[in-house]
Amino acid sequence: MGQFKVHFLPQDITVTVEEGTNLLDAQIKADLHPDAPCGGRGTCGKCLVNVLSGTPSGVQKACCTEVHEDMEVELKSEAQNHSILLEGAKRNITLDSAIKSYHVTVEKCLIGDSRSDWKRLKEAVSKASGIPEENIPVSMHIISGLYDYLLSHNYETEVIMCENEIIDLADSKKPLYVMAYDIGTTTIVGYLLNAQTGREMAVSSMLNPQSQFGADVIQRCNHALAEGVDELSACVRSALNDLAVKAALQAGVSPEEIYMITVVGNTCMHHLFAGIMPGALVHSPYNPTISESMMLNAADYDIHINPHGKIMLLPNIAGFVGADTIGVLLATEFDTLTDLTLVIDIGTNGEMVMGNKDRMIACSTAAGPAFEGAKIQCGMRGAEGAIDHVHFEGNQLTYSTIGGGKPIGICGSGLMDIISELLQAGFISSGGRLEKPESLTSEIGKANAHRLIKIDGFLSFVLAFEDESGSGQKVYLSQKDIREVQLAKGAMAAGIALMADTLGIQIDQIQKVMIAGAFGNYMSPDSACAIGLIPAELRDRIEPIGNAAGEGSKIAALNDWEFHRCDQISNHTEFLELATHPDFQDCFVDQLEYPEY
């Protein structure tokens with residue numbers, strides 16, 4: 001087989017690939033991070049490209065178009081200025097990071113003194129830190145040059161430690177930095193923190209480049225099982241390195257001054273980051289390969305901070321309730337609450353915890369892809385041009401977009417709003433069917449009946465016609481989209497009902513509902529209740545708490561006791577496996593119905 005060149009525009013990047021390679025894989029090889037929510041199976045239609053020269057020409061699905069000659073390909077413009085949530089629920093903590101610095105004077109070796117240089121250093125460190133000598137492990141990279149170092153520094157040094165381990169020696173006292181990451185399925189956020197003052201120095205964020213291998217965790221797990229885990233692991237580690245460089249540049253520090261990172265993410269993101277094959281997650285009984293927290297060497301995982309820096313991985317709870325949920329529970333001190341509380345993190349996956357300090361139950365549903373736009377015809381992430389809120393003013397349909405420009409698609413909060421509005425105006429039945437124009441009876445319905453048309457064989461509601469959109473194409477909600485939202489909201493509502501049943505409580509006994517994550521931060525609680533995602537009786541108890549998972553990662557970075565507390569929280573949290581629950585199917589079917597209006 002031959003090799004051919006593919007030239008991508010407007011990036012002006014050329015890559016050479018084997019004959020038969022599809023254009024999606026060619027983009028991945030060119031490090032262009034294409035968007036492929038379906039994982040390249042040809043079902044989502046989000047990887048469209050324009051083949052300028054080569055066969056077949058014109059607009060094609062990249063994943064379905066093979067290279068058999070030199071080609072020139074124009075990539076569709078990417079959505080700009082993605083709205084990535086950076087802030088979360090804050091609480092006061094005692095500053096006590098695992099990374100500390102101690103100034104020590106090491107006794108000089110005299111004739112007749114048989115104590116080694118390492119022994120005398122440990123004694124000095126023990127005296128300064130209060131850590132018993134016997135609890136300080138051997139650090140070979142320190143020992144190998146210790147004699148010359150002590151001699152050249154007149155036996156005085158700053159000793160930098162991670163917990164009980166000596167990881168570096170410094171000429172003088174200097175700021176110590178840590179980086180806290182939240183690896184989401186869709187986005188990654190990194191926070192640069194001063195470990196000695198707790199000050200947040202910089203924040204950097206990006207879309208998770210693993211999305212080129214699929215929008216959801218199952219597709220990424222399957223890719224890892226088929227092709228090996230290294231590609232996905234290297235992809236996310238490179239992203240963390242890029243964010244560290246970006247944050248360090250903002251703060252005017254060097255990445256080598258970062259001595260530790262903390263990482264939260266769902267169980268799949270956790271395993272892929274650590275290079276753990278995710279087979280256990282996708283095969284029954286769907287458990288993690290490892291749940292407990294881990295302390296790792298950054299250099300072993302190609303993380304470009306201080307060469308002797310550390311990685312703190314927070315623990316997981318279950319197969320699809322991961323360290324990100326632990327971060328949320330840590331940030332909210334869920335394990336200390338007396339009020340019966342429900343916390344929901346609606347991301348690409350939907351994780352929920354219900355209970356209080358006496359008992360906590362967690363579950364997970366595959367609800368997020370619809371609200372992230374992956375399975376929605378005109379769906380998109382929260383970026384410039386996305387319709388984010390919709391309502392009727394009188395009989396007039398109005399909407400807002402991120403950035404204020406013309407719409408090019410619909411993000412999760414806008415999707416929830418439009419379905420809520422159409423339900424209440426009679427466009428959608430409680431069974432989820434879009435009514436035909438002649439069946440509409442409300443004034444709003446009659447005034448907007450022209451928006452109901454068939455597109456690709458599906459009855460659809462048009463929010464913006466060609467001349468109103470930013471892409472020159474209709475922005476619409478299809479019957480298929482409504483069904484996707486039904487499945488998502490039905491699964492989440494069933495999870496809430498079954499957790500309450502397991503706790504032996506009624507829904508109206510829940511005193512507080514905390515909504516975490518970007519989608520939860522921007523969604524309308526009224527719309528969430530109107531479509532039945534959250535029980536209507538809880539409407540006045542809903543409180544958005546932002547990126548609480550990231551906040552939990554920061555807390556673990558700044559307080560070592562809080563990091564180790566995470567294992568206690570994980571062990572204390574029961575997991576409710578919805579897929580095998582005897583009542584799930586019946587409950588799910590009941591919750592598929594939309595409320596009647």
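## Sheets, helix packing and salt bridges in a predicted model

Three strands make up an open sheet, arranged in the order β21-β22-β23 with antiparallel pairing. β21 (452-455) and β23 (475-478) occupy the edges, and each has a single partner strand, so one side of each is left without a neighbour in the sheet. From one strand to the next, the twist averages 50°. The model described here is a predicted one.

Within this sheet, β21 pairs with strand β22 (residues 458-464) in the antiparallel sense, over four bridges. One position can be located residue by residue: I455 has F458 of β22 as its bridge partner. Strands of a sheet pair through backbone hydrogen bonds, either parallel or antiparallel.

Two helices lie across this sheet. Helix α11 (residues 412-424) lies across β22 and β23 and runs at about 60° to β23. Helix α13 (residues 479-503) likewise lies across β22 and β23, and its angle to β23 is also about 60°.

Helix α11 leads to a second sheet. This helix lies across β18, β19 and β20, running at about 20° to β18. Those strands form an open sheet of three strands in the order β19-β18-β20, with mixed pairing. Here β19 (396-401) and β20 (409-410) stand at the edges; each has a single partner strand, so one side of each is left without a neighbour in the sheet. Strand β18 (residues 386-393) pairs with β19 in the antiparallel sense over six bridges, and I387 has T401 of β19 as its bridge partner. Helix α11 thus lies across strands of both sheets, with β22 and β23 in one and β18, β19 and β20 in the other.

Following the chain beyond α11, one comes to E438, in the loop between α11 and α12 (443-447). E438 has a relative accessible area of 63% and is exposed, since the cut-off for that class is over 50%. The C-alpha atom of E438 is separated by 7.9 Å from that of A449, and the two residues are 11 residues apart along the chain.

The packing of two helices can be considered next. Helix α9 (residues 323-332) packs with helix α16 (residues 548-558) at an angle of about 75°, and their axes are 7 Å apart. This angle makes α9 roughly perpendicular to α16, because angles of 65 to 115 degrees fall in that class. On the α9 side the contact is made by D324, G327, V328, L330 and A331, and on the α16 side by A548, A549, E551, G552, I555 and A556. By character, the residues of this contact divide into seven nonpolar, two polar and two charged.

The surroundings of α16 extend this picture. In this helix 11 of the 11 residues are buried, so α16 is largely enclosed by the rest of the structure. Among the buried residues are E551 and K554, as well as A548, I555 and L558.

Salt bridges supply a further set of connections, and the structure holds 17 of them. One joins D335 to R565, whose closest N and O atoms are 2.7 Å apart. This pair links distant parts of the chain: D335 lies in the loop between α9 and β15 (341-346), R565 lies in helix α17 (residues 560-572), and 230 residues separate them. The partners also fall into separate accessibility classes, as D335 is partly exposed with a relative accessible area of 22%, whereas R565 is buried at 5% relative accessibility. The dividing value is 20%, so D335 lies outside the buried class and R565 within it.

A second pair consists of E435 and R433, with the closest N and O atoms 3.1 Å apart. E435 counts as buried at 16% relative accessibility, while R433, with a relative accessible area of 43%, is partly exposed.

In a third pair, the side chains of D113 and R115 meet in a salt bridge with an N to O distance of 2.8 Å. D113 is partly exposed, with a relative accessible area of 24%, and R115 is also classed as partly exposed, at 22% relative accessibility. Both residues belong to a network of salt bridges that links E107, D113, R115, K119, E123 and E133.

Terms used. Residues numbered from 1 in each chain as written. Predicted model: local features only at pLDDT ≥ 70, side-chain atom pairs only at ≥ 80, totals over all residues. Heavy atoms only, no water. Pairing = 2+ DSSP bridges. Axes fitted to C-alpha atoms, helices over the stretch in contact; angles between N-to-C directions. Contact = heavy atoms within 4.5 Å. Parallel < 35°, antiparallel > 145°, perpendicular 65-115°, else oblique. Nonpolar A, V, L, I, M, F, W, Y, C, P; charged D, E, K, R; others polar. Salt bridge = Lys/Arg side-chain N within 4 Å of Asp/Glu carboxyl O. Buried < 20%, exposed > 50% of the residue type's maximum accessible area, 1.4 Å probe, protein only.
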